[in-house]
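Reader: I would like to go through this model with you and ask how its labels are earned. Shall we take them in turn?

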Amino acid sequence: MRSRSVLAVAASAALATTLVASVGTQATAAPNPNSPAKLTKAVTLDGLLSHLEALQDISDEFGDRAAGRPGYDASVDYVVEQLTAAGYTPEVQAFQFDYFEENSELFRTNPDRTFVNEVDFLRNTFDSGTPEGTATGVLFPVDLRLDAPTLPPSTSTSGCEASDFTGMPTGAIALVQRGTCGFNVKVLNAQAAGAAGVVVMNEGQPGRTGLLNMIGDATGLTIPAVFTTYAVGAELATTPGQSVTVTVDFAAEERTAYNVLAQTAAGNTSNVVMAGAHLDSVQGGAGINDNGSGSAALLETAIQMAKVKPNNAVRFAWWGAEESGLLGSEHYVAELSDAEADDIALYLNFDMVASPNYMFGIYDGDNSGGTAAPGFIPVGSAEIEDVFEAFYDSRGLPSQDSEFSGRSDYGPFIAVGIPAGGLFTGAEGVKTAAEAALYGGVPGAAYDPCYHQFCDNLTGEGQDAALYAALEADYDLVGNVNTEALDVNADAIATAVITFAFDTSSVNGVRVPGKSHGAGRSVDAFRDRFAG
């Protein structure tokens, strides 16, 4: 694999000494935490929160921790420093990726309202190019049909004819509606009539209410144009003459991101146990649950395992640019030779393990939920699921299947036949009443109400005060982190990692040296191991 040099500061003995002290006594508290019982005792909530606080500090300084931006580079440096202090020799693997930065805006005055990019509106993506710029002017509704939700699709002819813009003042922001003719026709007609910017709203019938990319040949377009939901367009239309600002501004370029990898010094390197979590946030937020939680739990597990001498080498990974499309893990797997891929016994993935309105989800490796296509799940994944189920059972805790979809960093691994498993406490999905009966929390609310938002932080800033107060009636929260879920799942992570570090026979049939048991080891045996 290709790598860049670890920062000199991370390699300096003086800083390493300081970092050992900053980790506290955790790294030396258990001289050899070589069983699940010992390791889970060593992985503490205080240690986990110290990592999350560091990631929050980074976001506070740089604005976010998104790949290709300074906050992500600082997050990489933090993980490298912590691993170096614990005694690992981390490797930083660089890769190039297509970086996008959206700064487009839609703003209305009197009353003031800032609409949310990619939630309320999208910039255009015309085949002929997307002109950037800012325009402010009075809003001019163009032949709208606000009764369209009750009519057949494509009833509206808004903006299809030059005559639709009669009476529009020069420099206005034209509000046109989807229907009858192409988006490119509407925006070019608006420009020809003197509009300084264009807002195109969806039409309003079922299936025609949300966001849609505007494409087509709009050659000659020079003014900013955005597309909104029907609800946003209808809201704007209720106060014609108000001032509206439309901004189309984005960056698209190639940048560098990084994966961080660290492997135990001991263990069979022909039967490697991998465990990973993505380190990047979305743009504009700290990403403390998504995925500071998985990154912190994995980091603390690695730190506490530094003195363990496992039978199988354990390779820890923190992936970059997951939020851009699993790009870090895809790059890593693509760089493996066939022999290197064959040496990986299994992969464990931890993405969002502390959602404030959590459920304990386990990747459905045996496909008992029937959501995966035949042959999609590699053989051995069911046995990984068994280990996690046995862990929750041993604690007397509920758990449930989480769809085995490949939509996180385990996707590239299963694509080459490597068995996988992992944990997930929920994102934008809604908690059911049945789940609330099992786990507590608020039914009808998202598992993570701050998913991919600024409020996914430790400070509580931007969160729905009433909802989070209701959650705190059942849970201990620190900002957007459910500390109970984090504490339990960190133990689940530590348990699975160290269980497979000593024995993968249930997954791939590789026996522990000197042992006679083989593939298909029972869950009861795992429960015995959990007991210490």
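**Labels and the values behind them**

Author: Happy to, and let's begin with charged side chains: Arg108, Arg113, Asp120 and Glu235 are linked in a network of salt bridges. Please keep in mind that this is a predicted model.

Reader: What makes the pair of Glu235 and Arg108 a salt bridge?

Author: The closest N and O atoms of Glu235 and Arg108 are 3.0 Å apart. The rule asks for a side-chain nitrogen of Lys or Arg within 4 Å of a carboxyl oxygen of Asp or Glu, so the pair qualifies. This pair links distant parts of the chain, with Glu235 in helix H8 (residues 230–237) and Arg108 in strand S2 (residues 105–108), 127 residues apart.

Reader: And why does the pair of Arg113 and Asp120 count as a salt bridge?

Author: Here the closest N and O atoms are 3.9 Å apart. The cut-off is within 4 Å, so Arg113 and Asp120 are a salt bridge too. By this rule the count comes to 10 salt bridges.

Reader: Which of these labels, buried or partly exposed, does each of the four residues get, and why?

Author: Buried means under 20% relative accessible area, and partly exposed lies between that and the exposed class, which is over 50%. Arg108 has 6%, so Arg108 is buried. Asp120 has 12%, so Asp120 is buried as well. Glu235, with 25%, is therefore partly exposed, and Arg113, with 28%, is therefore partly exposed too.

Reader: What can you say about Asp64 and Arg69?

Author: They form a salt bridge, with the closest N and O atoms 2.9 Å apart, and both Asp64 and Arg69 are buried.

Reader: Let's turn to the sheet. Which strands are called edge strands, and why?

Author: The sheet is open, with 8 strands in the order S3-S2-S9-S5-S6-S7-S8-S4 and mixed pairing. The edge strands are S3 (113–115) and S4 (121–123), as each pairs on one side only. Neighbouring strands of this sheet are turned by 30° against each other on average, direction ignored.

Reader: How do you know that strand S7 pairs with strand S8?

Author: There are 4 bridges joining S7 (residues 197–201) to S8 (residues 225–228). Pairing needs at least two bridges, so S7 and S8 pair, and they run parallel. Val199, for instance, has Val226 in S8 as its bridge partner. Helix H7 (residues 183–192) packs on the sheet, touching strand S6 (173–177), S7 and S8, and its direction makes about 145° with that of S7.

Reader: What makes the backbone at Leu326 and Met352 worth a remark?

Author: Most residues other than glycine have a negative phi, and most peptide bonds are trans. Phi of Leu326 is near 60°, a positive value, and phi of Met352 is near 70°, also positive. Leu326 lies in the loop between S12 and H10, while Met352 lies in the loop between S13 and strand S14 (361–363). With relative accessible areas of 12% for Leu326 and 2% for Met352, each is under 20% and therefore buried.

Reader: And which peptide bonds are called cis?

Author: One joins Asn110 and Pro111, with omega about 0°; Pro111 is found in the loop between S2 and S3. Another runs from Asp290 to Asn291, with omega near 5°, and Asn291 is in helix H9 (residues 288–304).

Key:
Residues numbered from 1 in each chain as written. Predicted model: local features only at pLDDT ≥ 70, side-chain atom pairs only at ≥ 80, totals over all residues. Heavy atoms only, no water. Axes fitted to C-alpha atoms, helices over the stretch in contact; angles between N-to-C directions. Contact = heavy atoms within 4.5 Å. Buried < 20%, exposed > 50% of the residue type's maximum accessible area, 1.4 Å probe, protein only.
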